[in-house]
Protein chains: 2
Amino acid sequence: MPHDAALCATQQPCEICPIRYRAVCAHCEGDELAELEGMKFYRRYEAGQVVVWAGDRMDFVASVVAGMAGLTQQLEDGRTQMVGLLLPSDFLGRPGREMATYTVTATSNLVLCCFRRKPFEKLLIDNPRIASRLLEMTLDELDAARDWLLLLGRKSAREKIASLLVILARREAALIKRRPEGRIAIELPLTREAMADYLGLTLETVSRQMSALKREGVIELDGKRRVIVPSFVRLVTESGDDSDGGPLS
Amino acid sequence: MPHDAALCATQQPCEICPIRYRAVCAHCEGDELAELEGMKFYRRYEAGQVVVWAGDRMDFVASVVAGMAGLTQQLEDGRTQMVGLLLPSDFLGRPGREMATYTVTATSNLVLCCFRRKPFEKLLIDNPRIASRLLEMTLDELDAARDWLLLLGRKSAREKIASLLVILARREAALIKRRPEGRIAIELPLTREAMADYLGLTLETVSRQMSALKREGVIELDGKRRVIVPSFVRLVTESGDDSDGGPLS
DNA sequence: CCGGAACCTTGACCCAAATCAAATGCCACA
DNA sequence: TGTGGCATTTGATTTGGGTCAAGGTTCCGG
């Protein structure tokens, strides 16, 4: 097994792709889809592997098919902040940009559906369906970033943890077009350190707050990477915002 | 003078518009520009006026021509975080969305170049130039939001203040296609409270850090709303990140 | 079954920024 | 020229989360 990104021969047809109707290809049909299908290739990364370093040349863009990746930014003295969390169906890379602006790391085992950048950019010009879907996804990501700004700027450590769990639960549920409620389980494919980098905390504070939420019955831990939430509404209350999570979209 | 948004009769031709080559209309020429010009109308707001409330119907989109506006999000208990800062040439509103997601407030006197939403959406479909410019602007805004995440998550109060000043200086300079250097003046069309909401601080902390930067000669104050920076590189050093601000774009 | 590494938890202490509380400056306007 | 209403500054005190330090788990390879 190579240490580098593994170019993976086994790729699925788009028809049975789990992110077929949520990714950048969502609105494509017939010829458009065939063209994308013809140029796609898969890559797999192990948890912890770096996909690209900030400043490196990046000549592909991709959709996350499975797993999770984090975009990360750093100050010179090493302080680290996650600035993007990519879940299945999210888009990676910026058309028109040669160099990666952020370091991308697989936080769990990761499968990407990649397209070489240049041909993809051409497709973007010829094919308004793809371009408009990408605009829509970018606007959604901007909205998510804005919720994240509120989280980082104004929420307490406990609210931050609860918010992260709510976000993961909602994203997980959205993939199967449902809305989380009642007793639910959340996969948590992040180390405590990655959670801390996401939330602007230290890993010690993350650990302490997780313990506190557990002690108070808001969550139960099933191993380190799986969380049981007895009452989803209780968790939402703890997260500080009581928005209902908006339309299913 | 009405208390509400002032629909303003005096509007300039696009040719002499100060944001002609930076706004969503940047790549438009001839017919495209004429079409935009035919449907545009100006609105003016006084400092402090609300442009739209979160949740209200919003049936126009707009470019900021002059002045500054803040997008703001709130938790139920009143904690407030600014999640967007709109400067001249920035785009306001989301095509395809009926309701405003954020409250928009003029932080200084503000001039908007508005388009009714429905006709603008139609234009977006028919006219790839505008759509691709909007995608580009949205991607830039996402990058800015990601720098902002780093600021909120990991920077000290002093670094936050310095970073805000650097951002304003760069944006001001970019409008005239220059890069800030040496001794510069920065307009600061924000109250201390608005700065605090931007930076995830209290207004007292903002005031204290401004005083400290002044005491140490990093900045001089010329009234409350104008800052003189004797050495721009010194200010950038104080901001924590030493990126050079990227290409002029 | 043991040793080690990676990850996580817990405790004690500290500090940067929040909170609470006055002052002070600065207009606009009577 | 005073006066009320802001925005801002400054001071005293508290506190949430950071830092430093020590153990505990889990899991893998030998």
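Which base atom of DNA strand D lies 2.9 Å from a polar side-chain atom of B:R208? A base nitrogen of DNA strand D does.

Welcome to this predicted model, where local features need pLDDT of at least 70, side-chain atom pairs count only at pLDDT 80 or more, and totals for chains, interfaces and linings use all residues. Residues are numbered from 1 along each chain as its sequence is written, chains are lettered from A and ligands numbered from 1 in the order in which they are written, and side-chain values use heavy atoms, leaving out hydrogens and water.

**Meeting the DNA**

A residue is near the strand if one of its heavy atoms lies within 4 Å of it. Of the 17 residues around DNA strand D, those that come nearest are A:T205, A:R208, B:R192, B:S207 and B:S211. By class, this surface has seven charged, seven polar and three nonpolar residues. Its largest share, five residues, comes from α6(B). On the DNA side, 62% of the strand D atoms within 4 Å of the protein belong to sugar or phosphate, and the rest to bases.

Here are some polar contacts (pairs of N or O atoms within 3.5 Å):

| Residue | Partner in DNA strand D | Distance |
|---|---|---|
| A:T205 | phosphate oxygen | 2.4 Å |
| B:S207 | phosphate oxygen | 2.7 Å |
| B:R208 | base nitrogen | 2.9 Å |

**The two chains**

Chain A can be laid on chain B with an RMSD of 0.0 Å, by a turn of 180 degrees and a shift of 0.0 Å along the axis. That is the relation of a two-fold axis. The superposition is by least squares on the C-alpha atoms of residues with pLDDT of at least 70 in both copies.

Key
Polar contact = N/O pair within 3.5 Å; in protein donor to acceptor, adjacent residues only side chain to side chain. Helix = DSSP H or I, 4+ residues; strand = E, 2+ residues; numbered from the N terminus. Nonpolar A, V, L, I, M, F, W, Y, C, P; charged D, E, K, R; others polar.
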